[in-house]
Amino acid sequence: MSEVILYTDGACKGNPGLGGWGAYLQSGNHSKELFGGEVNTTNNRMELTAVIQGLAALKRPCIVHIYTDSQYVKKGMQEWIHNWKARGWKTASKQPVKNAELWQLLDVEVHKHQVHWHWVKGHAGHPGNEKADELANRGVDLVK
């Protein structure tokens, strides 16, 4: 299986507001830049969309190291999603899970690959995270 490094980030000007997502993929000597935006969205939706789009770009099952600066995404996939699914996409307080449709899409994409989650501090000079942030801001510019 090919090994891929996926850096993801979301950006929002206003929350909700204009948003963008960015995904930067690296495998061997190859890299790919993906980005997009939405007019009325939230930062969390853009963080999720970045990972979904990055994984969806892979054409075959891979070992994927996902680097995100979003604890929301990382904890959601590693800690919270199991209980949400068991409760029919409800929180512990029986409220609907926010962004459930995106969590469900991400769950499908993740199960196509061997995924390893990594958290990096945002805006701390990590080159891959900075690139993903730049791409997310390009996504915002698309919808201005």
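Colleague: Does the span of helix α1 come out short, long or as expected, and what should it be?
Modeller: The span agrees with expectation: at 1.5 Å a residue, the 14 residues of α1 (residues 43-56) should cover 20 Å, and the end C-alpha atoms are 20 Å apart. The expected span is 1.5 Å times one less than the number of residues. Helices (H or I, at least four residues) and strands (E, at least two) are DSSP runs, numbered from the N terminus.

Colleague: What kind of model is this, and how are residues numbered?
Modeller: It is a predicted model, where local features need pLDDT of at least 70, side-chain atom pairs count only at pLDDT 80 or more, and totals for chains, interfaces and linings use all residues. Residues are numbered from 1 along each chain as its sequence is written, and side-chain values use heavy atoms, with hydrogens and water left out.

Colleague: Back to α1. Which of its residues are buried?
Modeller: Met46, Glu47, Leu48, Thr49, Ala50, Val51, Ile52, Gly54 and Leu55. Buried means under 20% relative accessible area, exposed over 50%, and partly exposed in between, with a 1.4 Å probe and protein chains only.

Colleague: How does α1 pack on α3?
Modeller: The angle is about 25° and the axes are 9 Å apart. Axes are lines fitted to C-alpha atoms, for helices over the stretch in contact, and angles run from 0 to 180 degrees between N-to-C directions. α1 and α3 are therefore roughly parallel. The classes are under 35 degrees for roughly parallel, over 145 for roughly antiparallel, 65 to 115 for roughly perpendicular, and oblique for the rest.

Colleague: Is that crossing left-handed or right-handed?
Modeller: The α1 and α3 crossing is left-handed. A crossing is left-handed if the near helix is turned anticlockwise from the far one by less than a right angle, and right-handed if clockwise.

Colleague: Which residues meet there?
Modeller: From α1, Arg45, Leu48, Thr49, Val51, Ile52, Leu55 and Ala56. They meet Glu101, Leu102, Trp103, Leu105, Leu106, Glu109 and Val110 in α3. Contact means heavy atoms within 4.5 Å.

Colleague: And α2 against α3, at what angle?
Modeller: About 100°, with the axes 11 Å apart. That makes α2 roughly perpendicular to α3. On the α2 side the residues are Tyr72, Val73, Gly76, Met77, Ile81, Trp84 and Lys85, and on the α3 side Trp103, Leu106, Asp107 and Val110.

Colleague: There are aromatics in that list. How many aromatic pairs in the whole structure?
Modeller: The search finds 7. Rings of Phe, Tyr and Trp (its six-membered ring) pair if their centres lie within 6.5 Å; planes under 30 degrees apart count as stacked, over 60 as edge-to-face and the rest as tilted.

Colleague: Which residues form a cluster?
Modeller: Tyr72, Trp80, Trp84, Trp89 and Trp103 are linked by ring pairs.

Colleague: Changing topic, backbone oddities. Where is the cis peptide bond?
Modeller: Between asparagine 15 and proline 16, with omega about 15°. Proline 16 sits in the loop between β1 (2-14) and β2 (17-27).

Colleague: Which residues other than glycine have positive phi?
Modeller: Asparagine 99 has phi near 65°, and histidine 123 has phi near 55°. Asparagine 99 is in the loop between α2 (71-86) and α3 (100-110), while histidine 123 is in the loop between β5 (114-119) and α4 (127-143).

Colleague: Why does asparagine 99 count as buried and histidine 123 as exposed?
Modeller: Because asparagine 99 has 13% relative accessibility, and because histidine 123 has 60%.

Colleague: What does aspartate 133 touch?
Modeller: Asp9 and His123, not counting residues up to four places away in sequence. Aspartate 133 is in helix α4 and counts as buried at 14% relative accessibility. Its C-alpha atom is 8.3 Å from that of histidine 123, 10 residues apart along the chain.

Colleague: And threonine 68, buried or exposed?
Modeller: Threonine 68 is buried, at 0% relative accessibility. It lies in strand β4 (residues 62-68). Leaving out residues up to four places away in sequence, threonine 68 touches Thr8, Glu47, Val73, Lys74, Trp117, His118, Trp119 and Val120. The C-alpha atoms of threonine 68 and threonine 8 are separated by 5.4 Å, with the two residues 60 apart along the chain.
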